[in-house]
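Biologist: Before I use any of the labels attached to this chain, I would like to hear what each one rests on. Please take them one at a time.

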Amino acid sequence: MQQALIEKYGEARLPRYTSYPTAPAFAPVVGSGTYGDWLSSIKPGTEASLYLHIPFCRSMCWYCGCHTTITQKDAPILDYLDMLRQEIGLVSDRVESRIQVRHIHFGGGTPTIMQPEEFRDLIGLLRARFGLITGAEIAVEIDPRTLTAEMAAVLGEAGVTRASLGVQSFDPVVQKAINRVQSEAQTAEAVTRLRAAGVCGINFDLIYGLPHQTVRSCVDTAKAAVAMRPERFAVFGYAHIPSFKKHQRLIDERALPDAAARAAQAEAIAETLVAAGYVRIGLDHYALPSDDLAIAAKRGRLRRNFQGYTTDACETLIGFGASSIGRTPDGYIQNEVPPGPYAQRIASGRLATVKGYRLTAEDRLRAEIIERLMCDFRADITTIAARHGFDAAPLLEGNARLAALARDGAVDIRGGTVTVRQDHRFIIRAVAAAFDAYIDQSARMHSKAA
């Protein structure tokens, strides 16, 4: 049965469901004016998260699916940081002192491409403009190949609590095929520097499904990574979309594994990490039992946002920088993607929002169902629907995608609760898609109150 499910669902191009609705549903009808109104309507005392996008790298990794620009010069980075500071001012003027920040995440690109003093100043500005809650988490994505001792020290001084290090694969054949040569020694040195600076939470990112990757090389990479004892792992499948990311055309498609091989690689990594004492969390995360993420999963409090699985329960996320996505209680917003047009908007004194989505009551219902499925592999549809004031029947009856999954033995439906078997977790996105109204419009429903 498992092989049949892999063949049927393994190659499906489905969202990762880090939000619902997902970004393709965003539209220009929600622009900077709407976002400004949403910011001004945030209630006093609201706990919020901040995301800052730094879209620059020194070299292009051919597998990359992120919005980033390659530069060997510092001038474009300095100009961008100036615009970022201006955007922070524009947003903070609108929210005034109504939010309290519990999480800050620097993503990229390579956030640590900036100079140490620039990072220190940026953190200082955030602390001055927003109220940071004592013990707030500050996380930074890092390329271990370029992390200097000075930058590691400044990260510690600035109060960074978590660092996410890109590893992907330690196999030199794979590294050459994806244009990312990174030794185990470089990675270990970065970990040592961060821990010495007081950055106690270390995450590693691994990827399977890369060119020339094998089960053996995946296991060897996982074992080498485990020896450095990071608190968490995120293990992603490579998404080959050369029509969207043109640099991926440099990857030899003939060297990519098929769906069955990808599934075998993912499971081999999972078995290696679990055997080393890590707890399997959701679709693709792993953590030591003492880590907050593992504790949240055990207690049924795991959440999912644009960074993947998280303990962040804030309903308000303010995004800064080109291409960043944010959320207020009213809906989602996304900034201009290219750094140039983003800078032009900010320089003119306007918010950089170019599209977004206003949430409906039904969206909120479906979002909770999808999040619980992605986090727990189980969702009590009846209870969740009642909490939102909806009838569960239209979600369960006449749902063609869900019925097909049930016939295939991928899900169990009893008493209004949908459960996915743990050994079928690899098809969880297909289960979530069964409740995505923008994939299957036939599942529209009506409120009890209507």
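**What the labels rest on**

Modeller: One point comes before the rest: this is a predicted model. Among contacts in the chain between residues at least 6 apart in sequence, 73% join residues at least 24 apart.

Biologist: What makes the radius of gyration agree with a compact globule?

Modeller: For 450 residues, a compact globule would come out near 22 Å, and the chain has 22 Å, so the two agree. Along the principal axes, the C-alpha atoms fill a box of roughly 60 × 55 × 40 Å.

Biologist: How much of the chain counts as buried, and how much area is exposed?

Modeller: Of the 450 residues, 55% count as buried. The exposed area is about 18,800 Å², and carbon and sulfur atoms supply 52% of it.

Biologist: Where do the charges sit on average?

Modeller: There are 52 positive and 49 negative charges, and their mean positions are 2 Å apart.

Biologist: How many helices and strands does the chain have?

Modeller: The secondary structure comes to 16 helices and 19 strands.

Biologist: Why is strand S1 called mostly covered?

Modeller: S1 spans residues 46-54, and eight of its nine residues are buried. A residue counts as buried when its relative accessible area is under 20%.

Biologist: How do you know that S1 pairs with S4?

Modeller: Pairing takes at least two bridges between the strands. S1 and S4, residues 99-108, are joined by nine bridges and run parallel, so the pair meets the requirement of at least two bridges. One of the bridge partnerships sets His53 against Gly107 in S4.

Biologist: What makes S13 a partner of S1 as well?

Modeller: The same rule applies: at least two bridges are needed. S13, residues 316-320, pairs with S1 in the parallel sense over five bridges. Within that pairing, Leu50 has Ile318 as its bridge partner, and Ser49 has Leu317.

Biologist: Which residues of S13 point which way, and are they buried or exposed?

Modeller: Thr316, Ile318 and Phe320 point one way, Leu317 and Gly319 point the other way, and all are buried. That fits the count for the strand, in which five of its five residues are buried.

Biologist: Why is Gln248 called buried?

Modeller: Its relative accessible area is 0%, and the label requires a value under 20%, so Gln248 is buried. Gln248 lies in the loop between strand S8 (232-237) and H9.

Biologist: What does Gln248 touch?

Modeller: Not counting residues up to four places away in sequence, Gln248 touches Trp62, Tyr63, Cys64, Tyr238, Ala239, His240, Ile241 and Pro242. Gln248 and Trp62 are 186 residues apart in sequence, with their C-alpha atoms 5.2 Å apart in space.

Biologist: Why is Ala276 called partly exposed?

Modeller: Its relative accessible area is 21%. Buried would need a value under 20% and exposed one over 50%, so Ala276 falls in between. Ala276 is found in the loop between helix H9 (259-275) and strand S9 (279-281). Leaving aside neighbours within four places in sequence, Ala276 is in contact with Val226 and Arg229. Its C-alpha lies 9.7 Å from that of Ala222, 54 residues apart in sequence.

Biologist: Why is Glu96 called exposed?

Modeller: Its relative accessibility is 53%, and the label requires a value over 50%, so Glu96 counts as exposed. Glu96 lies in the loop between helix H3 (75-95) and S4. Its phi is positive, about 50 degrees, although Glu96 is not a glycine.

Biologist: What is the phi of Asn179, and what label does its accessible area give?

Modeller: Phi of Asn179 is near 60 degrees, a positive value in a residue other than glycine. The relative accessible area is 33%, between the 20% and 50% limits, so Asn179 is partly exposed. Asn179 lies in the loop between helix H6 (172-178) and helix H7 (184-197).

Biologist: Which peptide bond leads into Pro21, and what is its omega?

Modeller: The bond runs from Tyr20 to Pro21 and is cis, with omega near -5 degrees. Pro21 has its place in the loop between helix H1 (2-9) and helix H2 (32-40).

Biologist: What is the omega of the bond from Gly108 to Gly109?

Modeller: Omega is near 10 degrees, and the bond is cis. Gly109 is found in the loop between S4 and helix H4 (116-129).

Notes
Residues are numbered from 1 along each chain as its sequence is written. This is a predicted model: local features need pLDDT of at least 70, side-chain atom pairs count only at pLDDT 80 or more; totals for chains, interfaces and linings use all residues. Side-chain values use heavy atoms; hydrogens and water are left out. Helices (H or I, at least four residues) and strands (E, at least two) are DSSP runs, numbered from the N terminus. The radius of gyration is taken over C-alpha atoms; the globule rule is 2.2 Å times the number of residues to the power 0.38. Buried means under 20% relative accessible area, exposed over 50%, partly exposed in between (1.4 Å probe, protein chains only). Contact means heavy atoms within 4.5 Å. Accessible areas come from the Shrake-Rupley method with a 1.4 Å probe; for residues, only the protein chains shown count as cover. Lys and Arg count as positive and Asp and Glu as negative; His and the chain ends are not counted. The place of a charge is taken as NZ of Lys, CZ of Arg, CG of Asp or CD of Glu.
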